Amino acid sequence: MKYALFLGCKIPSQLPAYESSTRAVLAHLGVTLVDLDFDCCGYPARDVSRDAFVVAAAHNLALAERAGLDLLTPCTCCFGTLRHAIRFLGEDAELRARVTAALAAEGLAWSGTARVEQLLSVLARKVGVDTLAAAVRTPRTGLRVAAQYGCHALRPGNVARFDNPMAPTVFETLIGATGATAVDWPRRLDCCGDPLHEANTPLSENMTRAKIADALESGAEVLCTACPHCHLRFGAVQAGARDPAIRTLLYTQLLGLAMGLPAKSLGL
């Protein structure tokens with residue numbers, strides 16, 4: 001099993017532990033990752049220029065296509081952005097013509113053969129939950145975990161096609177494979193508040209704190225994330241506290257610990 005690894009911008013610059021833990025876990029599971037000369041997924045340009053956003057995304061898709069590989073991204077924001085670009089290219093012939101011309105200037109072409117997969121989906125459906133459970137050496141038995149999906153993995157459902165956007169289960173199933181218990185918490189599908197942070201910081205932080213309080217009230221000991229934006233937002237709102245209200249773990253860290261991988265390799 002081989003994929004082109006798409007890290008995006010946020011993970012290398014602000015959350016390197018997500019990269020190291022992803023590489024460690026997937027290597028242990030026999031998944032080969034190929035590094036290509038990818039650029040930004042295009043998300044920052046979405047509100048400025050639709051063409052610029054889609055060209056940026058298509059550039060990366062074309063690189064994967066040229067290598068004959070599907071993309072695997074740990075970042076749910078990049079996942080949603082790339083999936084949106086594919087949708088727009090497929091339904092807008094005029095946009096597709098402009099993007100084709102822009103890519104041709106770089107010696108690239110997009111035809112839609114390269115698929116975009118989010119890390120959790122690959123672990124659950126390609127590697128398989130049974131394979132993950134069989135790889136566990138030190139199960140996290142008794143640990144109560146709140147799954148934080150992140151908005152871009154789920155919505156809009158007809159673009160992401162990741163799981164049922166209103167009642168997803170894949171993350172909880174993956175948590176269960178580690179031996180931990182996934183808790184049911186009312187705010188599990190709410191936004192973490194990160195997209196609003198620059199526009200309305202008080203509102204953003206209220207949203208984040210409300211999620212943390214809800215997870216704690218539901219009996220969670222750990223907030224488990226698969227989105228760098230969510231992970232960093234939970235960390236930022238608790239920064240400076242001597243004892244954070246709740247610990248945050250990336251799913252790759254939780255899984256890696258359960259598989260008995262060295263903490264250092266997981267960025268812990």
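The following questions and answers walk through a predicted model, going from its two sheets to a helix pair and some single residues.

Trainee: In the open sheet that contains E1, what is the order of the four strands?

Mentor: Alanine 4 is a useful place to begin, as its bridge partner in E2 is valine 34, while its bridge partner in E3 is leucine 71. Strand E1 (residues 2-5) is joined to E2 by three bridges, and E1 pairs with E3 over two bridges, in the parallel sense. Strand E3 (residues 71-73) is in turn joined to E4 by three bridges, again running parallel, with leucine 71 standing opposite valine 116 in E4. Read across the sheet, the order is therefore E2-E1-E3-E4.

Trainee: Which are the edge strands of that sheet, and by how many degrees are neighbouring strands turned against each other on average?

Mentor: An edge strand here is one that pairs on one side only, and this holds for strand E2 (32-34) and strand E4 (116-118). With direction ignored, the average turn between neighbouring strands of this sheet is 40°.

Trainee: Which strands stand at the edges of the sheet that contains E5?

Mentor: Strand E5 (residues 144-148) pairs with strand E6 (residues 181-182) in the parallel sense over two bridges, where arginine 144 stands opposite threonine 181 and valine 145 has alanine 182 as its bridge partner. E5 also pairs with strand E7 (residues 222-225), in the parallel sense and over four bridges, and there the bridge partner of alanine 147 is cysteine 224. The open sheet has the order E6-E5-E7-E8, with parallel pairing. Each edge strand has a single partner strand, so one side of it is left without a neighbour in the sheet, and the strands in this position are E6 and E8 (247-250).

Trainee: What angle does the direction of H9 make with that of E5?

Mentor: Helix H9 (170-177) packs on the sheet whose order is E6-E5-E7-E8, and there H9 touches E5, E6 and E7. The direction of H9 makes an angle with that of E5 of about 145°.

Trainee: How many of the five residues of E5 are buried?

Mentor: A residue counts as buried when its relative accessible area is under 20%. Strand E5 is largely enclosed by the rest of the structure, because the number of its five residues that are buried is four.

Trainee: Which residues of helix H11 are buried?

Mentor: Helix H11 (residues 228-237) is mostly covered, with seven of its ten residues buried. The buried residues in H11 are Pro228, His229, Cys230, His231, Arg233, Phe234 and Val237.

Trainee: Are H6 and H12 roughly parallel or roughly antiparallel, and in which hand do they cross?

Mentor: Two packed helices are described by the angle between their axes and the distance between the axes. For helix H6 (residues 119-135) and helix H12 (residues 251-258) the angle is about 20°, and the axes are 13 Å apart. Since angles under 35 degrees count as roughly parallel, H6 is roughly parallel to H12. The crossing in which H6 passes H12 is left-handed.

Trainee: How many nonpolar, polar and charged residues are in the contact of H6 with H12?

Mentor: From H6 come Leu119, Leu120, Leu123 and Leu132, which meet Tyr251, Thr252 and Leu255 in H12. By class, this contact has six nonpolar, one polar and no charged residues.

Trainee: Is alanine 258 buried or exposed, and what is its relative accessible area?

Mentor: Alanine 258 lies in helix H12, and among the residues it touches are Val136, Arg137, Pro139 and Thr178. Alanine 258 and proline 139 are 119 residues apart in sequence, yet their C-alpha atoms are 4.9 Å apart in space. Alanine 258 counts as buried, because its relative accessible area is 0%.

Trainee: Where is the cis peptide bond, and which residue other than glycine has a positive phi?

Mentor: Most residues other than glycine have a negative phi, and most peptide bonds are trans. Proline 156, in the loop between helix H7 (151-154) and helix H8 (157-160), is joined to arginine 155 by a cis peptide bond with omega near -10°. In the loop between H8 and H9 there is a residue that counts as exposed, because its relative accessibility is 65%. Its phi is near 50°, and this residue is arginine 161.

Key:
Residues numbered from 1 in each chain as written. Predicted model: local features only at pLDDT ≥ 70, side-chain atom pairs only at ≥ 80, totals over all residues. Heavy atoms only, no water. Axes fitted to C-alpha atoms, helices over the stretch in contact; angles between N-to-C directions. Parallel < 35°, antiparallel > 145°, perpendicular 65-115°, else oblique. Left-handed = near helix turned anticlockwise from the far one by under 90°. Contact = heavy atoms within 4.5 Å. Nonpolar A, V, L, I, M, F, W, Y, C, P; charged D, E, K, R; others polar. Buried < 20%, exposed > 50% of the residue type's maximum accessible area, 1.4 Å probe, protein only. Lists of a residue's contacts leave out its neighbours within four places in sequence.
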